[in-house]
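User: Could you take a close look at one part of this model for me, the serine in the middle of a strand and what sits around it? I'm in my first year, so please keep it friendly.

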Amino acid sequence: MEISNSLGDVSGFTLILPSISIANTPQLAVDLITETLDLRIHTEMRHGGLIPFAAWDDKSNALLGEMQAYLSPKDKLVLLQLRSSIDKAKHDDFVRDLLKWIMDHNFGSVLLATSIDAVHCIDKQLEGTPIRAVRTKKLTAVDPLTPLELHPESELPLGLFIPGGGYARKLFLAAEEASLDITLVCIFTSPGDNSEQAALLASAVRTIAGFTIPPSGWHIPATWELLFGTSFGPGLY
């Protein structure tokens with residue numbers, strides 16, 4: 001894991017990171033958090049397992065790469081944002097190195113946000129909130145969020161079924177094996193405009209992390225303006 005600017009001493013901070021999962025809902029949730037807290041990029045991060053990416057960021061007036069870290073000393077938060085997919089051939093390398101990077105920084109808590117393909121919902125998951133959570137340390141519940149239903153009858157390790165969840169399952173299982181405390185925060189979703197689901201996921205992460213946001217609620221990034229296309233003109237109707 002290459003980093004251009006050290007985070008300094010962030011022991012005891014809360015790390016929030018998104019999995020690259022269905023509909024990119026976790027990345028959108030991180031967008032909402034960084035925009036609402038008015039955070040600036042602290043450092044660029046690189047890994048050979050991420051597919052090269054570059055884009056111009058008007059807010060920071062800089063070129064963005066595949067991954068950035070945001071730092072909030074006030075709220076004791078570190079947020080990672082991933083803007084590129086993982087090379088399938090280097091998937092295991094990325095998870096291994098990310099886990100080592102996390103452990104090296106001695107975070108007080110780690111929140112891993114992911115989305116799950118709603119097509120695979122079981123009956124009990126069709127009603128109520130689409131948010132679920134589970135924690136390593138023998139798969140304990142995360143109050144006040146609804147526990148993620150497991151599939152102990154399956155051959156899946158720990159019965160953990162996260163279809164469409166990207167690297168989340170692999171990192172969670174690796175953390176469990178390494179006795180690292182990680183909280184997995186999930187949302188059932190489908191491809192399409194997931195701005196509302198992103199707000200739900202961001203709110204769930206906030207519930208656990210405990211940071212405050214303005215009374216006006218989540219701030220929508222300017223980059224979302226054309227994210228899901230323009231609306232239809234009234235002349236069509």
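Analyst: Let's start with a term we'll need: a residue counts as buried under 20% relative accessible area, as exposed over 50%, and as partly exposed in between. Keep in mind that this is a predicted model.

Your serine is S115, and its place is in strand β8, residues 109–117. Is S115 buried or exposed? With a relative accessible area of 0%, S115 is buried. So who keeps it company? Leaving aside neighbours within four places in sequence, S115 is in contact with S21, I22, T25, P26, P163, G164, G165, I187 and T189. Two of its partners deserve a closer look. The side chain of S115 makes a polar contact with the side chain of S21, at 2.7 Å. A polar atom of the S115 side chain also lies 2.7 Å from the backbone oxygen of I22. For a feel of how the chain folds back here, take Q27: S115 and Q27 are 88 residues apart in sequence, yet 9.9 Å apart in space, C-alpha to C-alpha.

Now step along to A23, found in the loop between β2 (14–18) and α1 (25–36). A23 has a positive phi of about 65°, although it is not a glycine. Because its relative accessible area is 23%, which falls between 20% and 50%, A23 counts as partly exposed.

Next comes α1 itself, which meets another helix. The axes of α1 and α4 (residues 195–209) come within 8 Å and cross at roughly 65°. The two helices are therefore roughly perpendicular to each other, and their crossing is right-handed. On the α1 side, the contact is made by T25, P26, L28, A29, L32 and I33, while α4 brings Q197, A198, A199, L201, A202 and V205. Sort these residues by type and you get 10 nonpolar, 2 polar and no charged. Here's a handy bit of background: an α-helix has 3.6 residues a turn, so residues three or four places apart point the same way. And notice that T25 and P26 turn up twice, as contacts of S115 and as part of the meeting of α1 with α4.

On another side of S115 you meet P163, G164 and G165. For some more loop scenery, look between β9 (131–135) and α3 (168–177), where P144 is found. The peptide bond from D143 to P144 is cis, with omega near 0°. L158 has its place in the loop between β9 and α3 too. Its phi is near 60°, a positive value in a residue other than glycine. L158 is partly exposed, with a relative accessible area of 41%.

Then there's α3, where A168, L171, F172, L173 and A175 are buried. What covers these buried residues? The cover includes β2, α2 (91–104), β8, β9 and β10, and β8 is the strand that holds S115. After α3 comes S179, whose phi is positive, near 60°.

Last stop: β10 (residues 183–189), where T183 lies. T183 is buried, with a relative accessible area of 9%. Not counting residues up to four places away in sequence, T183 touches V110, L111, L112, V134, R135, V142 and I208.

Terms used
Residues are numbered from 1 along each chain as its sequence is written. This is a predicted model: local features need pLDDT of at least 70, side-chain atom pairs count only at pLDDT 80 or more; totals for chains, interfaces and linings use all residues. Side-chain values use heavy atoms; hydrogens and water are left out. Helices (H or I, at least four residues) and strands (E, at least two) are DSSP runs, numbered from the N terminus. Buried means under 20% relative accessible area, exposed over 50%, partly exposed in between (1.4 Å probe, protein chains only). Contact means heavy atoms within 4.5 Å. Axes are lines fitted to C-alpha atoms, for helices over the stretch in contact, and angles run from 0 to 180 degrees between N-to-C directions. Angles under 35 degrees count as roughly parallel, over 145 as roughly antiparallel, 65 to 115 as roughly perpendicular and the rest as oblique. A crossing is left-handed if the near helix is turned anticlockwise from the far one by less than a right angle, and right-handed if clockwise. Ala, Val, Leu, Ile, Met, Phe, Trp, Tyr, Cys and Pro count as nonpolar, Asp, Glu, Lys and Arg as charged, and the others, Gly among them, as polar. A polar contact is a pair of N or O atoms within 3.5 Å; within protein, one must be able to donate a hydrogen and the other to accept it, and residues adjacent in sequence count only if both atoms are side-chain atoms.
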